[in-house]
Amino acid sequence: MSDVFISYSRKDSEIVDRIEQELDKYGITSFIDRSAIDLGDDFAEVIAKALFECQIVLFVWSENSNQSENTANEIALAIDFEKTIVSFKIGTFKSDYKLAYRLVRFNRIDAVPFNEDKIVELGKKLSQQLGKKLKERPEARNVDKVRESDNAKPSIDKSLPKNADESKYESSYKFGKSALLEFDLPSAFSDLLEPALNDYKDSRELVAGIVDYRSRIWSIPDAEFDCVEKQADNGNSYVVLL
């Protein structure tokens, strides 16, 4: 049984994958037909069962799903099952009158213009509705254990002293890389920015990848770019990433 049934068009699979990753941060399980239905399964039976057992139906309402007979059927069945439906509308288009009529009394999030922040907002709202909390980062869980271990078994560090700034970059780099693996782009960018500006490890390359991704579904906050531009004015070659 999944917490959220995601009704969508296959043409929006990339966006749906990103939504699933965001929900997973809160421990929210998602039903997505292309990954949940095996070869030979009765498609209609699996869909109906998943709709019946889920807590929330999330309709990714796009120009593609707006004209989909499958999504229309899923919404009709969800209403029949008296499910809570949340519409996540992406893009500007004329709503299908049948869908609009069915969904008028349910919650809706308008993601126009569509960007990464809208997906983050969606994750927060669904987590609140389901009573879920953001999962702790693995690094954060291990910090206290490391400290306890250090306190329990004090030892003399015979290695050369580490530069304080380098240590700071290392910590930011690790958190940024972890956030990037979790597809948390805003956190990854913020954590990796200072190491990148100081040419620490391969952080410049990672940030360049995030910036390149900007042209798709995510906009880096203006404040972050202002920081980069200020560095560029001071002669930092990091401007090449803009």
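Strand E4, spanning residues 84–90, is mostly covered in this structure, with 6 of its 7 residues buried. The model is a predicted one, and the description below starts from this strand and proceeds outwards to the sheet, the crossovers and the helices around it.

On one side, E4 is joined by 6 bridges to strand E3 (residues 56–61), and the two strands run parallel; within this pairing, Val60 stands opposite Phe88 of E4. E4 is also joined to strand E5 (residues 107–111), here by 5 bridges and again with the strands running parallel. Phe88 takes part in this register too, standing opposite Ile109 in E5, while Lys89 stands opposite Asp110 of E5. These pairings belong to an open sheet of 5 strands, which has the order E2-E1-E3-E4-E5 and parallel pairing. Its edge strands are E2 (30–31) and E5, each of which pairs on one side only.

The connections on either side of E4 are made through helices. E3, helix H4 (residues 69–80) and E4 form a β-α-β unit that is right-handed, and the chain then crosses from E4 through helix H5 (residues 97–103) to E5 in a β-α-β crossover that is likewise right-handed.

In the first of these connections, Ser62 is placed in the loop between E3 and H4. Ser62 has a relative accessible area of 3% and is therefore counted as buried, the limit for that class being under 20%. Its side chain reaches the backbone nitrogen of Asn64 at 3.1 Å. When neighbours within four places in sequence are left aside, the residues in contact with Ser62 are Asp12, Ile90 and Phe93.

Helix H6 (residues 116–130) consists of 15 residues and extends 21 Å from its first C-alpha to its last, close to the 21 Å expected at 1.5 Å a residue. The buried residues in H6 are Glu116, Ile119, Val120, Leu122, Gly123, Leu126, Ser127 and Leu130. Because these residues cover an arc of only 155° around the axis, they lie on the same side of H6. The elements that cover them include strand E1 (4–7), helix H1 (13–24), E3, E4, E5 and helix H9 (185–197). At the start of H6, a side-chain oxygen of Asn115 comes to within 3.1 Å of the backbone nitrogen of Asp117, whereas after the helix there follows Gly131, with a positive phi near 70°.

Further along the chain, Phe175 lies in helix H8 (residues 164–181). The relative accessible area of Phe175 is 26%, so this residue is classed as partly exposed, a class that lies between the limits of 20% and 50%. The C-alpha atoms of Phe175 and Ser190 are separated by 9.7 Å, the two residues being 15 residues apart along the chain.

For the protein chain as a whole, the secondary structure comes to 11 helices and 5 strands. Buried residues make up 40% of its 242 residues. Among the contacts in the protein chain with a separation of 6 or more, 70% are accounted for by residues 24 or more positions apart.

Methods:
Residues are numbered from 1 along each chain as its sequence is written. This is a predicted model: local features need pLDDT of at least 70, side-chain atom pairs count only at pLDDT 80 or more; totals for chains, interfaces and linings use all residues. Side-chain values use heavy atoms; hydrogens and water are left out. Buried means under 20% relative accessible area, exposed over 50%, partly exposed in between (1.4 Å probe, protein chains only). Helices (H or I, at least four residues) and strands (E, at least two) are DSSP runs, numbered from the N terminus. Two strands pair if DSSP finds at least two bridges between them. A crossover is right-handed if, with the strands pointing away from the viewer, the path from the first strand over the helix to the second runs clockwise. The expected span of a helix is 1.5 Å times one less than its number of residues. The arc is that of the directions from the helix axis to the C-beta atoms. Contact means heavy atoms within 4.5 Å. A polar contact is a pair of N or O atoms within 3.5 Å; within protein, one must be able to donate a hydrogen and the other to accept it, and residues adjacent in sequence count only if both atoms are side-chain atoms.
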